[in-house]
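User: Here is a model I would like to go through with you. Could you help me take a close look at one part of it?

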Amino acid sequence: MGFPFIVLMLPIWVLLLSHLSSAVAGNYGENFTNQLLISAQQDKAWLVSIRRQIHENPELRFEEYNTSDLIRRELDKLGIKYSYPVAKTGIVAQIGSGSRPIVALRADMDALPLQELVEWEHKSKIDGKMHACGHDVHTSMLLGAAKLLHQRKNKLKGTVRLLFQPAEESSAGASHMIKEGALGDSEAIFGMHIDHETPTGSIASLAGPVLAAVCFFHAKIEGRGGHAAIPHSTFDPILATSFAILALQQLISREVDPLHSQVLSVTYVRGGDAFNVIPSFVEFGGTLRSLTTEGLNQLQKRLKEVVKQQAAVHRCSAYVDMKEEEYPPCPALVNDDNLHLLVERVGKSLLGPENVREGKKVLAGEDFAFYQELIPGVMLSIGIRNEEKGAIYSPHSPHFFVDEDVLPIGAALHTSLAETYLNEHQHTLLQESL
């Protein structure tokens with residue numbers, strides 16, 4: 001039955017693939033994108049309300065209980081199933097058939113320990129806490145996508161997992177989500193981050209390394225203190241610390257290939273509080289960053305060696321803590337080439353070719369990279385810049401402000417990325433089965 005059977009089945013195979021290709025191509029059509037944008041715009045008032053509730057009540061890493069409760073209430077109203085708690089305050093919702101292909105969408109929920117200085121009706125109600133990085137926007141956009149995807153659940157050619165993640169800011173919440181099974185059998189993941197340099201209505205994406213591998217460190221150099229009038233009787237930790245900090249700067253200038261982007265920043269020094277006393281110890285610390293995870297590992301190794309050896313030169317001892325328990329090192333964020341191309345296609349269809357830009361490499365960190373270590377993923381930038389509305393300040397600024405017109409755009413973009421991915425990979429599954 002070999003050859004005749006193949007010949008007989010070939011027209012059916014071609015017909016199926018042709019039909020599916022037409023369906024996939026249709027997803028990039030004007031009707032599909034217009035429908036999504038219209039539906040998302042109809043939800044704008046709801047999205048703004050959600051975002052403002054979250055913004056007024058910011059919660060720090062692993063404390064996002066009220067935020068999580070708000071999300072779960074909305075998911076319950078929509079009739080969307082979810083798992084909770086995941087990584088203490090996180091939520092994983094699922095929409096679709098439950099079968100392959102499976103794609104994940106992620107949003108972070110935590111705020112920053114920062115006092116908001118923007119005077120407006122929905123300013124943070126919690127002193128010393130602020131959504132100054134746009135995570136309230138990310139969460140609202142993903143909730144908007146949940147609503148759109150649920151409305152279209154019968155059209156989904158697979159499964160979408162929605163990850164509402166805690167503790168992106170310095171605590172690697174993504175790694176905790178992964179340990180507790182948040183990804184499930186997801187084959188790819190998309191995330192987006194607000195961008196104050198990109199105008200509202202535009203996005204930016206880049207393939208390859210985009211954000212840095214990041215870690216923090218704390219060092220303590222111990223000597224022997226004494227009166228400043230008799231320094232020869234002391235082992236001066238201030239002198240040792242000074243030499244150590246200067247030597248650390250040479251790690252970048254003399255040991256790293258100039259074409260490899262790395263940063264070593266000492267951000268604090270503490271030691272002594274008297275004019276006439278040499279202290280017994282000095283503490284200092286900061287951050288290491290590299291566009292490759294391997295580069296960060298090497299930088300960590302050399303930092304420990306330099307600090308300890310410089311301390312020894314000055315008859316002191318040193319202890320270096322990389323703060324891995326409290327702030328797990330974050331790998332470099334590397335966007336998948338094929339998913340980046342999908343983002344560009346979907347973005348151009350949804351927003352117009354003129355509103356899809358090339359992204360920039362930045363030595364900031366993003367724990368989305370933990371997901372990318374396991375499955376292909378893309379973190380893209382979505383614009384919020386609007387000078388008329390004062391949306392011009394960078395994240396982590398107390399003056400940070402958002403153009404809320406981004407909310408329906410982000411919800412529609414999340415939805416379009418997920419649905420398009422499923423359609424295209426349903427095509428791949430069919431080819432594999434044949």
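How much area does the protein expose, and what part of it do carbon and sulfur atoms supply? After that, please take me closely through the open sheet of eight strands and what lies around it.

Analyst: Happy to. This is a predicted model, in which local features need pLDDT of at least 70 and side-chain atom pairs count only at pLDDT 80 or more, while totals for chains, interfaces and linings use all residues. Residues are numbered from 1 along each chain as its sequence is written, and side-chain values use heavy atoms, with hydrogens and water left out.

To your first point: the protein exposes about 19600 Å², and 54% of that comes from carbon and sulfur atoms (areas by the Shrake-Rupley method with a 1.4 Å probe; for residues, only the protein chains shown count as cover). Of the 434 residues, 52% are buried, where buried means under 20% relative accessible area, exposed means over 50%, and partly exposed lies in between (1.4 Å probe, protein chains only). The C-alpha atoms fill a box of roughly 95 × 60 × 40 Å along the principal axes. Within it there are 11 helices and 16 strands, taken as DSSP runs numbered from the N terminus (helices are H or I with at least four residues, strands are E with at least two).

Now to the sheet. It is open, its eight strands run in the order E1-E2-E4-E3-E5-E16-E6-E15, and the pairing is mixed; two strands pair if DSSP finds at least two bridges between them. Strand E1 (81–86) and strand E15 (356–358) each have a single partner strand, so one side of each is left without a neighbour in the sheet. From one strand to the next, the twist averages 25°. Strands of a sheet pair through backbone hydrogen bonds, either parallel or antiparallel. At the E15 edge, strand E6 (residues 203–205) joins E15 in the parallel sense over three bridges, and there Ser205 has Glu358 of E15 as its bridge partner. Helix H4 (residues 65–78) packs on the sheet, where it touches E1, strand E2 (90–96) and strand E4 (159–165). The direction of H4 makes about 165° with that of E1 (axes are lines fitted to C-alpha atoms, for helices over the stretch in contact, and angles run from 0 to 180 degrees between N-to-C directions).

H4 also carries a charged pair. The side chains of Asp69 and Arg73 meet in a salt bridge at 2.5 Å, N to O; the term means a side-chain nitrogen of Lys or Arg within 4 Å of a carboxyl oxygen of Asp or Glu. Because they are four residues apart in H4, about one helical turn separates Asp69 and Arg73. Asp69 is partly exposed at 29% relative accessibility, and Arg73 is partly exposed too, at 38%.

The nonpolar side of the picture comes next. A nonpolar core is a set of buried Ala, Val, Leu, Ile, Met, Phe, Trp, Tyr and Cys residues joined through side-chain atoms within 4.5 Å. The largest one has 65 residues, and Leu75, Val160, Leu162, Phe164, Phe190, Ile382 and Leu413 are those that touch the most other members. Helix H11 (residues 406–433) gives the most to this core, namely 10 residues. A second, separate core of 24 residues includes Phe217, Leu248, Phe284 and Leu299. Returning to Leu162, its contacts (heavy atoms within 4.5 Å) beyond four places in sequence are Ile91, Val92, Ala93, Ile95, Leu105, Leu142, Ala146 and Leu149.

Further salt bridges add to the picture, since the structure holds 29 of them. One of these joins the side chains of Lys125 and Glu56, at 3.4 Å from N to O. This pair links distant parts of the chain, 69 residues apart: Lys125 sits in the loop between strand E3 (102–108) and helix H5 (135–151), and Glu56 in helix H3 (residues 44–56). Lys125 is exposed, with a relative accessible area of 58%, whereas Glu56 is buried at 12%.

To close, here is a wider view of the chain. Among contacts between residues at least 6 apart in sequence, 80% join residues at least 24 apart. Asp337, found in helix H9 (residues 337–351), is in contact with Ala207 and Gly208, leaving aside its neighbours within four places in sequence. Asp337 is partly exposed, with a relative accessible area of 49%.
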